[in-house]
Amino acid sequence: MGPSASLIGRAEEVSLVKARLTAAANCEGSVVLVSGEPGIGKTRLLREIVSHSKASGVSAAIGRCYDYLQSPYGPISDIFGELREADKDALKALPEVREVVDTFLTSPGAVAGSEATDKRRLFVALRSALDAYSRDRPVLLALDDLQWADGLTLDLLQYVAEHAQRSRLVIFATYRSADADQSEPLHRALANLARGANAFHRELRPLSKGEIRSLLRTAATSTSTDETRRIASIAQQSDGNPLLAEELSKTTEEAQTVSLDSPQLPRSVTAATRARLAGLSPSERRALACAAAIGRSFTPALLGRIAQLSDPSVLEALKHGVSAQLVEPDLDGRSLRFRHELVRRAVYDGLLPDEARALHRLVAEALEQTPESPQRAADLAYHYWMAAETVKAADYNQASGDRALRLCAYPEAAEHYDRALRSIGHADADRSASIEENLGEALYGLGRSEAARSAYLSARAFHESRSVAEPMARLSVKIAAILRSEGREADAVAECEKALALADERSPSFFRAHSFLGLLNIDRDGDAAMAHFTLADHYTGERAQDDALVFHQCRALALGQRGDADGMASDFRSACKIARSKGDVSLAIRCLGNLGLKLTDLGERAQALAAFDEAATIMMQEDLWNLDSAVYLRQHAWGCLQFGDLARARELVYRALEYPTDSPRLRAFAAQAAIPIGLRVMDDDLARRFDDPHAVEAVFVPGNESMLVTALAFAERDIALGRASEGVALIHRVVEAYAAVPLARDDDGVFVLAALHGSAADAKTARAFVARYADDTKTEIASAHVLLYDAVMARRSGNAELATTLAESARELYDRLGWRWHVARALETGGKLRDAVGAYEQTGDVRSAQRMKEILNPVNRRGRTKSELTEREREIATLAAAGRSTKEIADALTLSPRTIETHLASIFTKLEVRNRAELIAKWRDLPGVAQASP
């Protein structure tokens with residue numbers, strides 16, 4: 001399971017009520033009103049607040065109002081019944097009040113209807129009872145769905161609220177914000193309740209897409225890519241309404257065939273919509289059906305043209321649609337919109353297919369008469385597609401796809417291009433090839449590398465049939481980029497060389513191909529790699545923004561691999577600047593994430609965190625959630641893992657894993673961060689999330705040399721979770737695979753696993769990889785990894801003195817570079833176990849700290865650790881800490897002074913103190929120790 005999320009996205013409201021209860025303890029009561037649309041989470045918030053309040057010692061009670069069951073004082077009766085049950089003695093000293101309360105609880109309806117019962121007398125008695133219940137602690141009165149409260153309940157609530165400001169009472173009430181759900185008595189009551197300095201109101205906002213994903217993830221039973229994609233789709237469609245999200249989730253789980261783009265509507269939405277439509281006339285229902293064909297938002301004028309209704313008839317239909325809570329005024333004040341996209345779909349589904357196509361044609365023809373705008377083009381693309389007008393659907397979808405691609409709106413671009421291709425069919429192969437190439441760009445941006453490569457290959461096949469060299473070369477370089485992202489670097493090199501064979505020195509493909517070849521060769525032949533970058537940099541032709549971006553990114557990654565932090569940062573900053581200038585904030589985030597990742601590798605902690613924070617700021621400002629966002633979050637999590645902030649790392653990696661991807665390479669790198677984070681914070685569900693043999697085997701596919709190191713994360717998981725033999729076998733496979741290729745990377749010092757757990761032969765072979773990486777990069781962090789590796793090997797061979805010396809040198813380097821978790825590991829390797837405990841705890845590594853404590857305090861046959869005092873020793877320590885002399889202790893316990901001295905010696909050893917003075921000082925601060933009086 002992910003992080004606990006019983007209540008998501010409501011921290012502000014919970015904090016407000018907590019603060020008001022704190023103030024109520026000082027006789028500063030208040031009224032807190034929370035409103036929101038149906039399903040937004042008002043009841044869930046109320047339950048969480050009541051539960052927390054009770055756990056905190058507050059007397060809390062709930063009164064629920066029901067639309068189908070209204071009885072006089074019904075919710076108030078529930079509240080007083082709960083308060084009386086929780087504190088049966090509160091009214092003993094108030095017999096008259098108790099009598100009124102007892103009568104009220106026996107038959108609140110009879111009290112309400114009895115002429116003999118004075119309403120004021122009842123209200124005064126109930127308020128006095130509340131004063132009695134809150135004599136010693138605050139009282140929280142929670143009322144849910146106040147829009148359905150009876151009039152007498154509202155009257156009593158207003159009366160109590162008038163006196164709340166000088167009491168220990170907090171009234172917390174929820175109600176629907178829709179005007180249609182509010183009667184005149186409720187309007188009046190809300191106005192009265194909101195008066196006064198101690199009245200507070202909060203309108204619950206829709207949850208963000210990220211919060212909806214977190215909500216659904218807590219109930220998910222699978223962590224597969226399909227499940228992740230299903231959750232992401234629901235988060236996109238639910239408009240931030242948690243109830244609708246949960247209903248959609250149930251629907252898609254129950255469906256045999258699931259369409260993520262247009263899932264089956266939840267029964268609750270369909271039933272509620274039909275019930276509201278039933279109250280409208282046939283012409284009004286027809287008008288709303290026409291509006292549903294137009295889209296989520298529409299103007300009355302356009303609706304009149306499509307429905308062929310007069311302005312008064314349209315306005316009347318819309319007025320009734322608003323009353324039925326089907327539509328509402330839009331933010332611009334000139335148009336209306338369906339309250340939810342699912343409501344629009346429920347209305348639209350009532351149309352017959354031919355009827356729907358005719359309406360879409362009418363909408364498209366009407367829109368063509370309006371001024372041009374980007375939204376107009378996208379709307380025309382949709383309506384002509386839905387009208388099955390293939391020629392115009394192809395034109396508008398291609399144009400809209402091009403615009404979406406320029407804006408890096410990859411999902412929209414892919415959808416438009418797919419519709420354009422399906423509209424064209426086989427009629428225009430040249431045009432189809434151009435659309436296929438752009439579709440590949442969009443799919444690659446979505447992380448769908450296999451589909452993108454297929455689109456590129458299809459486009460290239462067309463140009464090959466015409467023997468046109470430049471497009472063939474251009475597509476070969478794009479295919480090479482995809483192959484590299486999949487870890488197939490040898491195939492990527494072949495594609496770049498194919499491009500160079502087709503392109504001359506004035507071709508943009510020449511520039512791009514050499515840029516990629518520089519990156520692809522950096523791990524194999526650094527000099528050859530830099531020669532490719534030199535050739536690319538000498539390119540004299542026009543450098544398109546996209547080509548310059550490729551060059552700067554590739555050279556930045558290569559320079560980082562060689563340990564050139566300044567050169568790397570300069571190139572990444574250049575790429576980021578170009579990306580921002582062309583409006584590609586997604587690519588800017590990718591550049592900053594890569595910069596932060598490589599700066600982490602180079603031990604540049606402050607600069608790395610600054611780059612990560614800059615990416616986070618852009619992501620938040622742009623409200624961006626795509627593949628680049630998810631990769632950045634994984635990179636940031638990995639950096640926090642090395643820098644020893646495991647709590648933050650866990651939060652980030654969970655967010656990263658919410659984005660679905662079919663790429664084995666991306667899943668492997670996600671596992672490289674997620675597994676050790678999960679292990680160290682004792683979140684074994686996170687560590688086991690990638691417990692899939694296929695995930696491991698994908699790493700060992702020939703050509704995936706750069707991914708091999710990620711397999712060591714799986715080995716660490718197996719060892720930590722009791723599958724040591726499997727972990728050792730996996731270490732052997734990694735070492736064996738690396739021994740066959742001239743490539744081995746140890747960015748995070750993970751090869752130390754071979755020294756700790758591998759065979760002697762594997763440990764010796766892996767040491768050469770670590771040393772080679774240090775020689776190639778010449779970075780301090782790589783040198784620290786070598787020192788730690790040698791320290792582990794020295795301890796393994798029994799040379800404790802050498803191990804301590806080497807580990808201390810590694811610790812100093814890690815400490816200076818800010819790699820706090822590695823500082824703890826170096827302390828452990830150097831034999832400083834008590835210091836290691838504190839260092840591990842500081843990073844949040846619960847598992848390692850616990851392991852160290854078990855080593856330091858092994859449990860004996862009686863179940864005690866070696867530092868745990870016996871019952872007799874605790875008695876003696878308590879008296880000694882209270883200042884008693886040996887003789888006084890002996891007399892008190894009927895023991896000899898010599899026996900007392902023996903026990904004291906054992907106590908001093910276990911508590912690591914040298915004398916009574918130190919014992920007194922330490923005993924005072926020990927948790928759970930009973931202090932004795934002198």
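**An open sheet and three helix settings in a predicted model**

Guide: In this predicted model, five strands form an open sheet in the order β2-β3-β4-β1-β5, with parallel pairing. Strands are DSSP runs of E with at least two residues, helices are runs of H or I with at least four, and both are numbered from the N terminus. Local features need pLDDT of at least 70 and side-chain atom pairs count only at pLDDT 80 or more, whereas totals for chains, interfaces and linings use all residues. Residues are numbered from 1 along each chain as its sequence is written, and side-chain values use heavy atoms, with hydrogens and water left out.

Visitor: What makes β2 and β5 stand at the edges?

Guide: β2 (59-64) and β5 (199-203) each have a single partner strand, so one side of each lacks a neighbour in the sheet. From one strand to the next, the twist averages 15 degrees.

Visitor: How do you know that β3 and β4 pair?

Guide: Two strands pair if DSSP finds at least two bridges between them. Strand β3 (residues 139-144) and strand β4 (residues 169-176) run parallel and are joined by 5 bridges, so they meet that definition. L140 stands opposite V170 in β4.

Visitor: Why is α13 called oblique to α16?

Guide: The axes of α13 (residues 282-294) and α16 (residues 341-348) come within 8 Å and cross at roughly 120 degrees. Angles under 35 degrees count as roughly parallel, over 145 as roughly antiparallel, 65 to 115 as roughly perpendicular and the rest as oblique. The crossing of α13 and α16 is therefore oblique.

Visitor: Which residues meet where α13 and α16 are in contact?

Guide: L288, A289, A292 and A293 in α13 meet R344, V347 and Y348 in α16, contact being heavy atoms within 4.5 Å.

Visitor: What puts the buried residues of α12 on the same side?

Guide: In α12 (residues 267-277), the buried residues are V269, T270, T273 and L277. These residues cover an arc of only 95 degrees around the axis, which puts them on the same side of α12. R267 and A275, on the other side of α12, are exposed. Buried means under 20% relative accessible area, exposed over 50%, and partly exposed in between (1.4 Å probe, protein chains only).

Visitor: Why does V846 count as partly exposed?

Guide: V846, found in helix α44 (residues 846-856), has 41% relative accessibility, and therefore counts as partly exposed. Leaving aside neighbours within four places in sequence, V846 is in contact with R680 and M682.

How values were computed
Arc of directions from axis to C-beta. Axes fitted to C-alpha atoms, helices over the stretch in contact; angles between N-to-C directions.
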